[in-house]
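Trainee: I have a model open and would like to talk through it with you. Could we take it one piece at a time?

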Amino acid sequence: MTLYHCSPTTGLRTLEPRVTPYFEKPCQLCLTELLPMALFYGIRHFEYTYGYTRAGELYYLEQFPGMLAELYGGKSASLYLCGEREDMQATTIPHERVTTRPVPVREEILIPDLLAALREQERQGTVRLIPWEQVDEANRRWIVDAERREILDRGLLDRPEDPMARCFREKYPESWALAREERRCP
């Protein structure tokens, strides 16, 4: 089985395990059997808003207007193809495999524009890209609350110049205001 790993770093011959700066995960290398899922990781950011329907279909839900284009538009990356090994473990995330050991690259494919590649995957039916305009009110309320919790849990109110804090303040102003209000009122 071919596994994919996508990165903004080109020219890798071996993929090395790393600790992500945004999520509380151990030092590991993440790969996936789904090409569109790998494409979401062609950028370095903390906004990976993909998920799976109950039927197991991959989707990406914009959490603010123009999110997909802002994060992926015009950004290039390398898609690395690797083979599966016995030391790779499945995770709770569908189609994800992890290992703590380096993995040799079989092939590297340059992706000149991640947004174009994701839109092509959508045309092929392998992912559904849901623009902000199609996000229903229940999901919009969930996003506001989830981002409010994230702001509080990460202590972003105390680090207003942190890049993550700036992003949350600019992209999720309602969540930012609710977090500030919650912190003021016990």
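**Helix 3 and what surrounds it**

Mentor: Let us start at the N-terminal end of helix 3, which is capped by Asp113, a side-chain oxygen of that residue lying 2.9 Å from the backbone nitrogen of Leu115. Keep in mind throughout that this is a predicted model.

Trainee: Okay, and which residues of helix 3 are buried?

Mentor: Within helix 3, residues 114-123, the buried ones are Leu114, Leu115, Ala117, Leu118 and Gln121. They cover an arc of only 160° around the axis, so they sit on the same side of helix 3.

Trainee: What covers the buried residues of helix 3?

Mentor: The cover includes helix 1 (35-39) and helix 2 (67-72), together with strand 1 (2-7), strand 6 (77-83), strand 10 (107-111) and strand 11.

Trainee: And what comes just after helix 3?

Mentor: Gly125 is found there, with a positive phi of about 85°.

Trainee: Where is His95, then, and what is its phi?

Mentor: His95 lies in the loop that runs between strand 7 (89-90) and strand 8 (96-99), and its phi is positive, about 70°, although the residue is not a glycine. That deserves a second look, because most residues other than glycine have a negative phi. As for its surroundings, His95 is partly exposed, with a relative accessible area of 25%.

Trainee: Switching to strand 11, in what order do the strands of its sheet come?

Mentor: Three strands form an open sheet in the order 4-5-11, with mixed pairing. Strand 4 (50-52) and strand 11 (128-130) are at the edges and have a single partner strand each, so one side of each is left without a neighbour in the sheet. On average, neighbouring strands of this sheet are turned by 30° against each other, direction ignored.

Trainee: How many bridges join strand 5 to strand 11?

Mentor: Three bridges join strand 5, residues 58-61, to strand 11, and these two strands run parallel. Tyr59, for instance, has Arg128 in strand 11 as its bridge partner.

Trainee: Last topic, how many disulfides does the structure hold?

Mentor: The structure holds zero disulfides. Cys27 is in none, and the nearest cysteine sulfur to it, that of Cys30, is 10 Å away, whereas a disulfide would require the two sulfur atoms to be within 2.5 Å.

Trainee: Are those cysteines buried or exposed?

Mentor: Neither label fits, as Cys27 counts as partly exposed at 40% relative accessibility, and Cys30 also counts as partly exposed, at 25%.

Methods: Residues are numbered from 1 along each chain as its sequence is written. This is a predicted model: local features need pLDDT of at least 70, side-chain atom pairs count only at pLDDT 80 or more; totals for chains, interfaces and linings use all residues. Side-chain values use heavy atoms; hydrogens and water are left out. Helices (H or I, at least four residues) and strands (E, at least two) are DSSP runs, numbered from the N terminus. Buried means under 20% relative accessible area, exposed over 50%, partly exposed in between (1.4 Å probe, protein chains only). Two strands pair if DSSP finds at least two bridges between them. Axes are lines fitted to C-alpha atoms, for helices over the stretch in contact, and angles run from 0 to 180 degrees between N-to-C directions. The arc is that of the directions from the helix axis to the C-beta atoms. Contact means heavy atoms within 4.5 Å. A polar contact is a pair of N or O atoms within 3.5 Å; within protein, one must be able to donate a hydrogen and the other to accept it, and residues adjacent in sequence count only if both atoms are side-chain atoms.
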